[in-house]
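Biologist: Please take a close look at one helix for me. I would like to know how it sits against the rest of the fold.

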Amino acid sequence: MRRFVTLTLAAVLPTALGAEQAKSADPAPIMAMGAYVLTDDMEGSEAFYRALFEIDPAIGLPDFVAFDVAGGWFAIASRDKYAPGSEAGSGAVPYLQSADLETLQARATAAGVTVPDIIEEPGIHLLKITDPNGQLIEFFKLTSQ
């Protein structure tokens, strides 16, 4: 999986990030960030994340689908192909900042998953969604509390 993602990123990101590099005389060592989650159902997961993000994928391969989210890639990858034997939901938890947790909550519900209430803590609100494959995705909103 690393080789595939590395080759894909090497092919696409230089073009996409060329303009950003030109702006900065001293670029940071990290140019972009992405995350991927594993799935046992590529078609169902693609439909879920299309509904959640309300965008079409930037890359749509049979075993790897990537969405351009806030300038980085959020991807889904086939568990059978890239991580055989791994347990559902056992990877890292993607953590994405949002300006509107209520909209994400409504989209996830409309896409067919049970969505808990938004957790309101001083300074931060959290929305924890579990996708149809058991993968936890966390969204946060910073507040002035």
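**Helix α4 and what covers it**

Modeller: This is a predicted model. What covers the buried residues of α4 includes α2 (42–53), β7 (124–130) and β8 (136–142).

The helix itself spans residues 101–110. Its buried residues are Leu101, Leu104, Gln105 and Ala108. Seen down the axis of α4, these fall within an arc of 105°, so they line one face of the helix. The spacing fits a general rule. An α-helix has 3.6 residues a turn, so residues three or four places apart point the same way.

Now the ends. At the N-terminal end, aspartate 100 acts as the cap of α4. One of its side-chain oxygens lies 3.3 Å from the backbone nitrogen of glutamate 102. Just after the helix comes glycine 112, with a positive phi of about 100°.

Next, the partners. Leucine 127 touches α4 residues Leu101, Leu104 and Gln105. Beyond its neighbours within four places in sequence, leucine 127 also contacts Val115, Pro116, Ile118, Ile137, Glu138 and Phe139.

Leu127 also belongs to the largest nonpolar core, which has 22 residues. It is among the members that touch the most others, along with Tyr49, Leu52, Phe53, Phe74, Ile129 and Phe139. α4 supplies at least two residues of this core, and so does each of α2, β3 (64–69), β4 (72–78), β7 and β8. The most come from α2, which gives five. A second core of nine residues is separate; Phe64, Ala75, Tyr82 and Ala83 are among its members.

Methods:
Residues are numbered from 1 along each chain as its sequence is written. This is a predicted model: local features need pLDDT of at least 70, side-chain atom pairs count only at pLDDT 80 or more; totals for chains, interfaces and linings use all residues. Side-chain values use heavy atoms; hydrogens and water are left out. Buried means under 20% relative accessible area, exposed over 50%, partly exposed in between (1.4 Å probe, protein chains only). Helices (H or I, at least four residues) and strands (E, at least two) are DSSP runs, numbered from the N terminus. The arc is that of the directions from the helix axis to the C-beta atoms. Contact means heavy atoms within 4.5 Å. A polar contact is a pair of N or O atoms within 3.5 Å; within protein, one must be able to donate a hydrogen and the other to accept it, and residues adjacent in sequence count only if both atoms are side-chain atoms. A nonpolar core is a set of buried Ala, Val, Leu, Ile, Met, Phe, Trp, Tyr and Cys residues joined through side-chain atoms within 4.5 Å.
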